[in-house]
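Here is a short report for a first look at this chain. Keep the sequence and the 3D view open while reading.

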Amino acid sequence: MKLYCLSGHPTLPCNVLKFKSTTIMLDCGLDTTSVLNFLPLPLVHSPRLSTLPGWVSKDATVNLEKELKECAGRVFVDSQPEFCLPERELLDLSTIDVILISNYHCMMALPYITEHTGFTGTVYATEPTLQIGRLLMEELVNFMERVPKAQSATCWKNKEMQRMLPAPLKDAVDVWTWKRCYSMQEVNSALSKVQLVGYSQKVELFGAVQVSPLSSGYSLGSSNWIIQSHHEKVSYVSGSSLLTTHPQPMDQSSLKNSDILILTGLTQMPTANPDGMLGEFCSNLAMTIRAGGNVLVPCYSSGVIYDLLECLYQFIESANLGTTPFYFISPVANSSLEFSQIFAEWLCHNKQSKVYLPEPPFPHAELIQTNKLKHYPSIHGDFSSEFRQPCVVFTGHPSLRFGDVVHFMELWGKSSLNTIIFTEPDFSYLDALAPYQPLAMKCVYCPIDTRLNFHQVSKLLKEVQPLHVVCPEQYTQPPLTQSHRSDLMLELQPPPMPYRRCAVLNLPFRRRYERVYILPELANSLVPSEIKPGISVATVSAVLHSKDNKHTLQSVPKPPPAPPSKKRKRVVEEPPVVLAPKPLLSGAVPLDTFLATLQKHGITEVKVEETTDGHILHLQAEDTLIQLEEDGTHIVCDNNEPLRTTLRDLVLRFLQKL
């Protein structure tokens, strides 16, 4: 069993498991942190960004003025942002049989895999994962296509050139493999390969293994996966949460008795308490509005935003924010808010019960009805005529490199009355803000990450007790900035097996058993013999038939009767020749009784020597050795066949024939 690791990002995994003749890809996360190296894409012409000076090395030997721009002491690529893809050279991706998706954040690289590698398999995901994943991909494509860039920067990617660039461009990994965003046509083609599954539904792959999704408690439709054969079990835990938020709670019990547990997608903010962050978010928002400023919340169009809106719903009245407008701007804003209300069976019990009252499970429906929350596809059109300040704006992208958020950064960044509140943990807020410096607006960092922390995952692993744990190497050591915090790493016995990008792990796991079926008529012909009280065995002569990884014992076909005529017939396929089986022997030869039997037959000079496996009897007069061992008896007798036969018959008296 092998694991190929195609992504170095612990919360955006992409691994390939080879298990029992099947090749299974586990997630295909897209590392979007690479976009922080690019200049933002403004929706309207930005005099500031368009007049940034080009970069030239201090000794003037490297001139990339057209490709690289300097801004506030940092160097950025002036081109369409590009993404760091999963590794595609480690193995032939056309050999992948299935892709299992755990949540909508971990499927963003799907079009790169399914459309450009010769992939012909099936993708399995839950319905909310598919639909919300489609929205996030659609939003990403929209952000990129509405602000096209004519020039494409490639010279800076040259290895020799990159070495001379300032950090962080100098340290960027695998830049020559970075790719521009896919098209909507590729998205639709990729998602047409998805087959929907429900929690605990068992899907058989080629008769070899069964895969089954379990609720992971992190987001709508998010899953952990069980991959098992009759005698082996692998659990894949990715992006899970034990907190009580809007999704169905995590199914922990089904993870028990795993031979291997592959662990990814732990919290990126192990020291930040999500409840504390929500409180800080609300108090900073209220302070800014009371002071007459605007609040900008860069966020994804699905996920944490549902919890933020629910929290604000309870907070608005008590904080006297009833008249403050809340705007949600995204090309998929309307679809996202509606989807969250219709996937009732994927919600926690509390929200499910509201559907039968009937009430909308999320309170943002009421915020929309009362005009406190308004949603728009972009800043153009209706929004520009209805927009009033002070207000709160939720919009994307959290990287601040594309989307409507770029316009608000340019619009509000010069006033210290305004505040930007970061809630998504995927990007360093300092790196996200770098191209907007110097910035007057206040910045608040309230990362809300509900995924498992190290304390929770240690407790979970003690309960489910897998034989071996495999995880990203980042989880086996404390963070670089807090090297003294041994509580921010996994400490297990036996130690977890770490992996990094481009690693191939041989998992410590040997298949020992295979299930074989026996046909009823063959079973009926068996004659069991009791070898110990309560234990009977029977010998079987059969033909082993294997098809689609299922093995069946069938009766031996009888040879056809000889044809009566002497004419030559066409050669037909001969059935296998079956020899009569030799009888199997069981039991043990008791030493003292055997010596007494030898004495009765005139063999008296016997020297007994004890060995680690049994005894050696030396018949001195006959110059013969008898080795009595647990699993066999050997008679060494040269040139005296009658004596050997006699000794063999004496040994057989003590053994049972099957």
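What share of the 658 residues in the chain do buried residues make up? Buried residues make up 50% of them. Buried means under 20% relative accessible area, exposed means over 50%, and partly exposed lies in between, with a 1.4 Å probe and protein chains only.

## Basis of the model

This is a predicted model: local features need pLDDT of at least 70, side-chain atom pairs count only at pLDDT 80 or more, and totals for chains, interfaces and linings use all residues. Residues are numbered from 1 along each chain as its sequence is written, and side-chain values use heavy atoms, leaving out hydrogens and water.

## The chain as a whole

The chain has 17 helices and 34 strands. Both are DSSP runs, numbered from the N terminus: helices are H or I with at least four residues, strands are E with at least two. The radius of gyration is 35 Å, well over the 26 Å that the globule rule gives for 658 residues, so the chain is more spread out than a compact globule. That radius is taken over C-alpha atoms, and the rule is 2.2 Å times the number of residues to the power 0.38. Along the principal axes, the C-alpha atoms fill a box of roughly 115 × 70 × 70 Å.

The chain exposes about 32100 Å², and carbon and sulfur atoms supply 51% of that area. Accessible areas come from the Shrake-Rupley method with a 1.4 Å probe; for residues, only the protein chains shown count as cover. Take contacts (heavy atoms within 4.5 Å) between residues at least 6 apart in sequence: 70% join residues at least 24 apart.

## A parallel sheet of six strands

Strands of a sheet pair through backbone hydrogen bonds, either parallel or antiparallel. Two strands count as paired if DSSP finds at least two bridges between them. One open sheet has six strands in the order β17-β16-β18-β15-β19-β20, with parallel pairing. Its edge strands, β17 (373-376) and β20 (442-445), each pair on one side only. The twist averages 20° from one strand to the next. Axes are lines fitted to C-alpha atoms, for helices over the stretch in contact, and angles run from 0 to 180 degrees between N-to-C directions.

Within this sheet, β16 (residues 326-329) and β18 (residues 392-395) run parallel and are joined by four bridges. I329 has T395 in β18 as its bridge partner. Helix α7 (residues 304-315) packs on the sheet and touches β15 (295-298), β16, β17 and β18. Its direction makes about 165° with that of β18.

## An antiparallel sheet of four strands

Another open sheet follows the order β30-β31-β32-β33, and its pairing is antiparallel. The edges are β30 (606-610) and β33 (632-636), each pairing on one side only. Here the twist averages 15° from one strand to the next. Six bridges link β31 (residues 614-619) and β32 (residues 624-629). L619 has T624 in β32 as its bridge partner.

Two helices lie across these strands. Helix α16 (residues 591-600) crosses β30, β31 and β32, at about 15° to β31. Helix α17 (residues 641-652) lies across β31, β32 and β33, at about 160° to β33.

## Cysteines

How many disulfides does a search of the whole structure find? It finds zero; a disulfide is a pair of cysteine sulfur atoms within 2.5 Å. For C106, the nearest cysteine sulfur is that of C28, 8.6 Å away. C106 is buried, with a relative accessible area of 2%. For C299, the nearest is that of C446, 13 Å away. C299 is buried, with a relative accessible area of 2%.
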